[in-house]
Amino acid sequence: MKVVLLTSDSLRHNYIAASLAKELELALIITERKSPNIQDTSSYGKKDAQFLGDHFKARAESEEKFFGEYQKFSKEIPLIQVPHGSINNEEVFNIINDTAPDLIVLFGTSIIKDPLLSSYKDRIINLHLGLSPYYKGSATNLYPYLFDEPECIGATIHIASEKVDDGAILHQLRPDIIETDNLHDIGNKVIKKAGELLPKVLKAYRDGNIKPVLQKGSGRLCRNKDVTAYVIREIYKNFEQGMIPRYLKQKEKRDSKKPITPKSPIGDF
């Protein structure tokens, strides 16, 4: 099965690429740079800027701990790098068509639009870091902590659709959390587990062993621009006040109130 990966260029993205290449024919990687605004602290005062700087530093250190061995994409796989906001350019579309993939995998890019979306209907699979439909959009493994909902941390592998993170679900997963995990380590546990399961999900979908499940219900649509210093401080405060131990004591009950897709043929969540 020939796969094209549309992703970004951090360690986590390198890891997902390596996971796909290990079990599938990864024919092409196209990386889109992240928006520089995500970690821009220039609009904040000194205290908040320092706080956010420390937050992003801790995030980078955790990512290095989990995915430090994936410093670069494989030299054996063709790689094309494009600026932020250009993933839907005609040039990118033509390159993908020339590669003629069976499936296209999305992880960490801008929203995909036509003609790519319609040309590869039901063949574009998104790895969404969040549990749809409860949390859609951006920073969806961050906002659940703000609302004391660690049960909504996880990943959703779904068919890409015109509406953000709204496509039929192939598989969902939750991380294996322990009491001492911080928010960065939990997030990277999600990615680690997703990388292990993603190739299996794709193969099962290709073979017709997974039936996509339409999303039901509503949730929150999240945006990166709403992640302020205040929001991050409140999240850290919730961790300090024992949010994770409280959740783990009631995990089965709380998870059941936010159900995710049934178990698929590839194994446990």
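How many disulfides does a search of the whole structure find? Zero, and that goes for the whole of this predicted model. The close-ups below start with the cysteines and then move on to a threonine, a leucine and a nonpolar patch.

**View 1. Cysteine 152 and cysteine 222, two cysteines without a disulfide.** The search of the whole structure turns up zero disulfides. For cysteine 152, the nearest cysteine sulfur belongs to cysteine 222 and sits 10 Å away. Turn that around and you get the matching picture: cysteine 222 is in no disulfide either, and its nearest cysteine sulfur is that of cysteine 152, at 10 Å. A disulfide here would need the two sulfur atoms within 2.5 Å. As for exposure, cysteine 152 is buried, because its relative accessibility is 0%. Cysteine 222 counts as buried too, at 7% relative accessibility.

**View 2. Threonine 156 in strand 7.** Strand 7 covers residues 155-159, and threonine 156 is part of it. With a relative accessible area of 0%, threonine 156 is buried. What does its side chain pair up with at 2.9 Å? The side chain of glutamine 172, through a polar contact. A polar atom of the threonine 156 side chain also lies 3.1 Å from the backbone nitrogen of serine 132. Set aside the neighbours within four places in sequence, and threonine 156 is in contact with a run of other residues, including Asn126, Leu127, His128, Gly130 and Leu131. Ile169 and His171 are also among its contacts, as are Ser132 and Gln172, the partners just described.

**View 3. Leucine 202 in helix 6.** Here the focus shifts to helix 6, residues 183-206, where leucine 202 is found. Is leucine 202 buried or exposed? Buried, since its relative accessibility is 0%. Not counting residues up to four places away in sequence, leucine 202 touches Met1, Leu20, Leu24, Leu103, Val105 and Ile125. Take isoleucine 125 from that list: it is 77 residues away from leucine 202 along the chain, yet their C-alpha atoms are separated by 8.3 Å.

**View 4. A nonpolar surface patch with isoleucine 111.** Ile111, Val164 and Leu221 make this patch, which comes to about 280 Å². Isoleucine 111 sits in the loop that runs between strand 4 (103-107) and helix 4 (116-119). At a relative accessible area of 48%, isoleucine 111 counts as partly exposed.

Key: Residues numbered from 1 in each chain as written. Predicted model: local features only at pLDDT ≥ 70, side-chain atom pairs only at ≥ 80, totals over all residues. Heavy atoms only, no water. Helix = DSSP H or I, 4+ residues; strand = E, 2+ residues; numbered from the N terminus. Buried < 20%, exposed > 50% of the residue type's maximum accessible area, 1.4 Å probe, protein only. Polar contact = N/O pair within 3.5 Å; in protein donor to acceptor, adjacent residues only side chain to side chain. Contact = heavy atoms within 4.5 Å. Patch = residues over 30% accessible without salt bridge, like charges linked within 9 Å, V, L, I, M, F, W, Y side chains within 5 Å. Areas by Shrake-Rupley, 256 points an atom, 1.4 Å probe, with all protein chains shown as cover. Salt bridge = Lys/Arg side-chain N within 4 Å of Asp/Glu carboxyl O.
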